[in-house]
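Colleague: Got a minute to go through this model with me? I'd like to know what stands behind the labels.

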Amino acid sequence: MANARQISVFVDNRPNQLAGVMRLIKDKGINVRALSLADTKDFGILRLIANDTDKTVDTLKEAGYPVTVTEIVAISIPDTPGQLSRALDVLGGEGVNLEYLYAFLGKSDRSVSFVIRVDDVENASAALNKAGIIQLTENDISEM
Amino acid sequence: MERYWNQEMECASPEVMKKLQDERLVAQVKHVYENVKYYRDLMDEKGVKPEDIKGTEDLRKLPFLSKADLRDAYPFGLLAKPLSECVRIHSTSGTTGRRVVAFYTQNDIDLWDECCARAITAAGGTNEDVCQVAYGFGLFTGGAGLNGGSHTVGCLTLPMSSGNTDRQIQFMQDLGATILCCTPSYAAYIGETIHEMGISPDDLKLKAGIFGAEPWTEEMRRSIEKSLGIKAYDIYGLTEISGPGVAFECSEQNGMHINEDNFIAEIIDPETGEPLPDGEVGELVFTSITKEAFPLLRYRTRDLCRLTRGKCSCGRTLVKMAKPMGRSDDMMIIRGVNVFPSQIETVLIEQGYSPNYLIEVDRVNNSDTLDISVEMNPDQFSDKVKDMQKQERELAEAIKTMLGINPKVHLVSPKSITRSEGKAVRVIDRRKLHD
């Protein structure tokens with residue numbers, strides 16, 4: 001199955017930097033589905049999943065932003081206690097190392113979605129699949 | 001085949017050059033003593049008379065001149081000719097105090113033009129060439145010097161001055177410029193812009209560049225050569241002595257030949273003022289032996305470098321000066337360690353970063369801090385914070401190995417550090433503001 005692609009953008013740690021990125025995206029009519037900002041004292045790394053990955057990458061690159069695209073795992077799990085813990089146990093049990101994760105709005109109010117950045121997407125995906133955890137493709141996310 | 005503008009001088013035997021220098025020095029000391037009260041007073045104070053100077057070996061008897069003297073004597077105190085015989089002035093940028101103004105007679109201009117003509121010829125220039133002069137014009141000597149040299153050689157000269165980079169590139173393409181003259185930081189910027197515009201070096205006729213007026217590294221040379229598809233030559237000069245062309249590089253690209261028939265170079269110990277033997281690093285001191293209007297004797301440049309003698313593979317016998325390690329005013333003392341911006345630049349280029357950087361020095365709780373903002377390399381960008389922080393750490397480590405002190409490295413966006421069209425501002429020393 002095809003996993004989703006995440007776009008990461010390098011932004012300076014100064015006023016109006018994130019706003020500048022979002023303005024560009026808005027002007028192209030791109031919809032951001034999921035987003036997280038990692039910050040250090042010098043710079044930020046904005047990670048996002050958009051409804052049109054290629055167009056977003058082209059737009060940002062053209063504007064001179066350093067951009068990188070990485071494959072991630074996106075899951076949709078029931079909004080009940082213990083579900084994330086279960087999914088993480090599955091990954092931990094396979095020895096998959098997790099770099100970071102963030103939640104985003106899912107399709108229904110009874111489920112919740114996460115972007116999970118792992119070192120071994122293939123292994124993670126197979127393990128989640130075997131455990132019956134729903135994974136979202138790039139297409140799924142863009143149609144949300 | 002190596003070409004010379006003035007083979008007789010550029011390839012003179014040491015004996016011939018020594019004899020010429022001796023004659024010119026003796027006459028120059030007499031001219032200065034008779035016409036410049038400021039220097040006559042210095043000589044009298046030291047008990048030296050013009051008759052005591054019989055040749056270059058007596059040079060060490062003469063008093064030094066420093067930038068402070070030039071400021072004291074501003075504006076006419078070191079003038080050696082009546083103003084009616086002077087045709088032009090040039091001036092230093094005056095960032096560190098009162099400006100210094102230098103005067104030129106027509107003969108001074110002609111000799112200066114010849115020095116620049118030698119530099120252009122050494123870079124392969126002939127009257128078939130189209131020479132784009134993108135140094136600033138005006139009080140700054142860069143534009144005027146190379147412009148004059150280019151005219152003397154008979155190149156088609158494009159007196160662009162610096163700035164308006166789009167127009168620089170358009171003229172470069174439309175008029176088929178073959179030689180570019182500007183500061184190395186501006187050359188790097190033009191190279192970068194050309195690539196952004198999707199122009200390949202193969203689309204240009206450029207073959208050589210003559211870059212100077214600020215310190216630059218060997219790594220930066222290679223990077224400019226690659227981005228513009230040229231051979232890059234260094235040129236050295238200073239307004240006080242004439243301007244660019246005091247020394248120039250040949251095809252060997254390993255040190256600059258000093259136009260010794262006009263300028264005698266010495267290396268001294270900057271602490272004691274004692275002359276040092278060839279090959280040792282010290283402060284470069286120049287004595288103008290042909291300048292008429294503003295003839296400085298034993299002027300301390302504050303540039304640190306070494307001299308090497310012997311016939312060069314290009315055939316020139318003119319003494320060579322190594323690329324200055326930095327002007328002693330560029331040198332920062334941080335936590336007791338001497339630091340030159342050029343050292344940091346070397347590390348950046350070695351590690352694959354852009355040579356655009358900003359050094360900020362401050363003093364916090366009586367301890368010096370060194371912060372270096374570096375443009376991140378987009379090819380090395382990772383979505384993982386730890387990878388990016390690792391890049392910062394590795395760069396800080398490499399700089400520490402070079403300097404011996406620990407800097408803080410801050411990665412910033414590409415192109416976010418202001419590009420310079422003239423001399424680049426690389427250092428902000430906030431410690432001076434507290435004093």
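Colleague: What makes you say that strand β8 of chain B is largely enclosed by the rest of the structure?

Modeller: A residue counts as buried if 20 or more other C-beta atoms, placed from the backbone, lie within 10 Å of its own (exposed is 12 or fewer, partly exposed is in between). In β8(B), residues 244–249, 6 of the 6 residues are buried, so the strand is largely enclosed by the rest of the structure. Strands here are DSSP runs of E with at least two residues, and helices are runs of H or I with at least four, both numbered from the N terminus. Mind you, the model is predicted: local features need pLDDT of at least 70, side-chain atom pairs count only at 80 or more, and totals for chains, interfaces and linings use all residues. Residues are numbered from 1 along each chain as its sequence is written, while chains are lettered from A and ligands numbered from 1 in the order written.

Colleague: How do you know that β7(B) and β8(B) pair?

Modeller: Pairing takes at least two DSSP bridges between two strands. β7(B), residues 231–237, and β8(B) have 3, in the antiparallel sense, so they pass the definition. In one of these, B:Ile235 is matched with B:Phe248.

Colleague: And what is on the other side, with β9(B)?

Modeller: β9(B), residues 256–258, also pairs with β8(B), antiparallel over 3 bridges. There, B:Phe248 has B:His257 as its bridge partner. The hairpin of β8(B) and β9(B) has 6 residues between the strands, and B:Gln253 takes a positive phi near 50 degrees.
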